[in-house]
Amino acid sequence: MSTFIGKTRLIAPILKKGILRRDRLLDLLQSNLDKKLILITGGAGYGKTTLLAQLVNELKKSFIFYTAHTSDSDLTSFLSYLIKGISNRYEGFGSRTHSIINTDIEVVLGTFVNELVDNVKDELFIILDDYHLIENTEAINNALYYLLTHTPYNIHFIIGAQTITNFSISNIRVKGELLEITNKELIFTKKETQTLFIETYHINFSQAEFEEIDICLEGWITALQLLSYIILMGHNPKRSDVIIKRSDVIIKKALEKLNLGEETLEYFQNELFELQPETVRSFLVKSAILEEMIPSSCDYILKRSDSLQILNYLVENNLFTFCVDKEKEVYYYHHLFRNFLLNKFRQQEDKNIIKKYHLSAGIYFEKALNFTASIEHYLSANETERAIQIIETKGETLLKEANISMLEQWLKRIPNTTSPTLLLYQAEVARWRGKWDEAMKLYQEANKISKKEGRVQNSSMPTLGMVFILRSQGNYKRAITLAKTELKLVAKKNSQMKIKWLGVIGTLYARTGNYTEAISNLSQAIKICKKTQNKKEEMSKMYDLAIVHEEIGEYDKSFEIRNLLIKKFHPDDHFGGSIYSGLGFYHAFKGDFTQARENFAKAFKIFKSFNNKRELAFLFSHLGLLNLMKDDHKISRLYYKRALKLNESMKEIGLEQLAREGIGLSYIFEYNYILAEKYIDKMAIQDESFFFTKGEIKLGLDNFNEAEKLFTCGLKSVNKFDLVRSHTGLARLYSKKWNNPLIIKHTEKALELANKYGYDFAILKLGRMDAPLLQFAIKHNILPHYAKSLMMNLEKQYDLMVYFLGGLKIKSKGEIVNLQWKTQKAKSLFAYLLINKRKKLTTDQLMELFWPGKEFNKSRASFYKEVSFVRAIIAPLTKPNLPIIEHREEMYGISLNYKIWMDIDEFEGLINEAREWKQISEFYMEGKDFKNVIKYSMLIIETDEFYEPAYLKGMIAYAETGNRKSAIDLYRQMEKTLKAELNAEPSDEAKRLFTKLIK
């Protein structure tokens with residue numbers, strides 16, 4: 001059941017003949033049409049609606065006119081009227097908003113704004129009249145404020161109301177975007193009163209009498225109209241075209257009838273009412289039970305055949321009756337007049353007669369499928385059972401549309417009931433309102449009655465509500481038990497309920513980490529969906545299954561399901577956006593950035609059109625991953641931080657974990673472990689995926705014991721990719737400890753899982769399987785073919801791969817480039833710039849480092865000469881018009897446009913290791929373990945080729961083991977390095993040792 005739309009409420013009131021044009025106010029309005037908001041507030045009868053009618057009669061721009069009502073207190077109803085009004089003028093508007101009108105209100109409002117941007121290019125005025133009639137307006141006030149502050153410049157709002165409470169307009173006022181018209185401006189001036197009586201009513205008084213009228217009535221337009229009516233009726237109602245000249249008696253009597261108290265309007269309505277023929281009075285009183293009138297409804301309910309004639313008579317005689325649609329003959333009374341008539345009806349008619357008319361109205365509207373009006377009249381007639389029948393039939397639709405207020409209003413008027421369906425609806429309302437204890441009791445009562453009556457499906461729905469509450473409370477174990485019990489009851493009787501329960505159980509198992517049972521239940525549900533051709537449920541359960549596979553790291557299976565969903569169902573709503581976002585994640589994970597961007601673009605377009613904040617946040621986190629995989633770490637962080645910003649109001653733990661881990665990884669990849677730890681430690685709750693990330697941080701900070709504990713904890717993860725990452729982390733950790741058996745064990749396990757589940761690209765990026773580890777695997781015959789393929793993939797990702805350990809070697813496009821260095825200084829200069837690739841170095845800094853103490857001009861000449869040598873030598877590595885070495889404002893550095901991998905990227909870590917090796921070398925020297933002295937001396941020299949003490953210890957150790965030749969070779973290596981790189985000689989101690997060796 002869709003929200004009922006009273007068409008008369010979307011039609012501007014017809015401007016009657018003989019109405020005085022309010023030049024002063026209309027000119028004011030016309031000159032302020034550029035304002036965002038025009039607010040017209042005034043008491044009843046101050047002419048707000050008439051002024052709006054005059055405005056739209058002269059308005060040469062697009063507008064919608066919406067007359068509000070007390071029934072619009074429900075936000076869904078209010079928005080439905082706005083959507084309908086705009087769609088009447090702009091075909092196709094509102095389809096997206098209406099399709100999600102029962103979801104998160106911010107998503108709905110954002111989608112509404114987006115549709116305005118897409119569909120409305122010219123200026124549009126949204127006119128809301130009688131806004132004060134909306135009760136409990138907090139939600140609607142908030143929604144209206146959102147629209148006022150988010151809609152584009154071409155959308156304007158004009159609101160007419162007696163008063164507007166709890167509606168903040170200060171921000172709009174400060175910006176100069178507000179025009180306010182109040183009672184002060186609405187009241188008739190002395191000049192306008194004169195014009196009204198003389199030109200419109202053809203009544204002429206003296207200036208003194210006009211002064212008296214102005215003092216007594218204070219420009220209240222309704223009182224002026226009533227005064228004119230009394231005077232005209234008292235003079236000659238059949239000759240209103242005759243100018244009535246001053247009459248002290250007429251004015252005196254008319255003003256005596258005007259009581260300036262609260263009963264003024266009702267008093268004159270009685271006076272007007274009594275002047276009508278009996279037939280008209282009877283019609284007025286009885287027809288007042290109808291909010292809107294058409295002749296056929298009046299004829300049926302009032303058992304007469306002259307309704308059209310009487311309605312036209314009321315309109316022609318200005319008896320507070322309006323025809324808003326001449327073609328369809330739709331009429332309504334001014335609400336104040338209708339209230340008076342209803343009071344009159346209750347005073348003069350027997351209660352049984354009143355019930356009879358309401359019953360007749362209920363029957364009429366039920367036949368006309370206007371169930372809202374039908375229920376209202378049945379309840380007014382105390383025909384509760386009839387009302388219950390409609391509520392039982394149509395209540396579920398109201399729940400689906402999130403029209404909780406209307407359902408709640410109906411249920412409050414139903415006496416204590418044992419209807420399980422109504423109890424269920426009461427429970428649903430309580431759950432929507434967050435009253436979980438009350439909802440649980442109502443669900444249990446409905447369940448008990450349904451089972452007693454043998455209505456299985458009816459008992460299943462309350463149980464489902466109980467399960468939802470338990471799930472929200474985190475009581476998964478009890479929720480699963482309850483759900484499985486219910487599944488047994490419906491298993492053979494209702495396939496649709498079986499699908500629902502299997503899906504619920506599957507998602508509950510996933511929450512507990514029992515993914516085997518989760519997949520089993522969801523697969524069963526999908527099988528039944530296919531058998532019963534329930535495509536909607538099949539799509540939903542397939543999507544749930546894809547999420548489960550994703551959670552356990554089976555990304556290929558998740559991709560297959562999502563891809564099938566796109567091909568089979570072609571979803572284009574926000575559900576389709578989620579599928580595209582997941583596909584983009586998969587392609588980014590696989591390294592297919594082009595396809596990833598295409599899918600993310602599709603997802604973004606869908607989410608943006610619906611303003612789905614939650615899904616947008618997840619999409620931004622996926623875009624963060626994409627840029628992380630591309631090594632665009634700063635851009636990656638921007639996306640992750642956007643996701644965190646969107647999540648501030650939603651506070652979804654899973655989303656926050658995803659974004660914070662991504663930011664942490666981006667800093668880890670930049671070797672900034674302190675900032676990485678800062679972002680990771682901000683999470684109060686940390687799941688298994690954080691074991692690997694925190695382990696990486698501890699490893700980077702040389703806290704090996706903590707890293708080992710964290711990686712070992714990560715081995716308990718059910719997510720297969722997290723297992724791979726933990727094994728890789730342990731392999732790298734044990735490589736620092738030279739524990740070959742454990743390196744082999746964990747490298748082998750990491751490669752086996754990565755090969756099995758297709759993590760080729762991701763293991764290199766997120767798993768941090770580096771070149772030394774892959775070389776180790778190849779050397780030790782650990783899945784050598786797979787290790788070699790990963791090595792090739794690693795090399796393809798970089799413009800250059802630079803190996804320092806064991807001598808400077810450079811690979812480009814997978815091939816070693818044989819660079820012919822003209823001088824050792826040029827080679828050293830390039831190596832130094834590479835090692836400091838994240839820095840920009842001044843000319844003076846480099847000159848002082850490579851030519852210390854040399855005369856400035858000579859040093860500068862030497863520097864520029866060596867730079868030119870470097871540029872010429874590395875030319876084969878350079879992209880067209882994109883130098884590797886950038887020179888700006890006397891600053892030199894490696895261009896960030898090149899992706900460069902280096903085996904000493906963990907430079908600080910290696911230096912720390914070197915310090916440890918020096919201590920270990922000293923320890924073995926004291927213990928005369930010369931074999932280990934040689935081992936650690938060589939490691940130190942590989943890290944720092946200028947560290948002379950390492951050469952000395954190595955020479956001594958070689959000599960002590962009888963290997964004089966290696967000792968002499970080591971001295972010559974040191975001599976050559978110091979001369980070429982530093983233009984220095986070995987120390988006297990080294991020379992004496994060398995002299996001793998060669999004798």
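Where does Lys854 lie? Lys854 sits in the loop between helix 44 (843–850) and helix 45 (856–873). The model described here is a predicted one.

## A positive patch

Lys854 belongs to a positive surface patch. The other members of this patch are Lys822, Lys858 and Lys865. Lys854 has a relative accessibility of 39%, so Lys854 counts as partly exposed.

## Cysteines

How many disulfides does the structure hold? The number is 0. A disulfide is a covalent bond between the sulfur atoms of two cysteines.

Two cysteines can be placed by their accessibility. Cys529 is buried, and its relative accessible area is 0%. Cys713 is partly exposed, at 28%.

## Salt bridges across the chain

Side chains of opposite charge can pair when their charged atoms come close. The structure holds 33 salt bridges. One of them pairs Glu554 with Lys720. Their closest N and O atoms are 3.3 Å apart. This pair links distant parts of the chain, 166 residues apart. Glu554 is in the loop between helix 28 (535–551) and helix 29 (555–569). Lys720 is in helix 38 (residues 720–736).

Are these partners buried or exposed? Glu554 has 12% relative accessibility and counts as buried. Lys720, at 16%, counts as buried too. The cut-off for buried is under 20% relative accessible area.

## A loop tied to a helix

Glu670 forms a salt bridge with Arg637. Here the closest N and O atoms are 3.4 Å apart. Glu670 lies in the loop between helix 34 (653–669) and helix 35 (673–681), and Arg637 lies in helix 33 (residues 633–650), so the salt bridge ties together parts that are 33 residues apart in sequence.

The two partners fall into separate exposure classes. Glu670 is partly exposed, with 26% relative accessibility. Arg637 is buried, with a relative accessible area of 8%.

## An exposed partner and a network

Which residue forms a salt bridge with Glu985? The partner is Lys991. The closest N and O atoms of this pair are 2.9 Å apart. Glu985 counts as exposed, because its relative accessibility is 57% and exposed means over 50%. Lys991 is partly exposed, at 29%.

Salt bridges can also share partners, as they do at Arg21, Asp23 and Glu58. These three residues are joined into one network.

Terms used. Residues are numbered from 1 along each chain as its sequence is written. This is a predicted model: local features need pLDDT of at least 70, side-chain atom pairs count only at pLDDT 80 or more; totals for chains, interfaces and linings use all residues. Side-chain values use heavy atoms; hydrogens and water are left out. Patches are made of residues with over 30% relative accessible area and no salt bridge: like charges are joined within 9 Å, nonpolar side chains (Val, Leu, Ile, Met, Phe, Trp, Tyr) within 5 Å. Accessible areas come from the Shrake-Rupley method with a 1.4 Å probe; for residues, only the protein chains shown count as cover. A salt bridge is a side-chain nitrogen of Lys or Arg within 4 Å of a carboxyl oxygen of Asp or Glu. Lys and Arg count as positive and Asp and Glu as negative; His and the chain ends are not counted. The place of a charge is taken as NZ of Lys, CZ of Arg, CG of Asp or CD of Glu. Helices (H or I, at least four residues) and strands (E, at least two) are DSSP runs, numbered from the N terminus. Buried means under 20% relative accessible area, exposed over 50%, partly exposed in between (1.4 Å probe, protein chains only). A disulfide is a pair of cysteine sulfur atoms within 2.5 Å.
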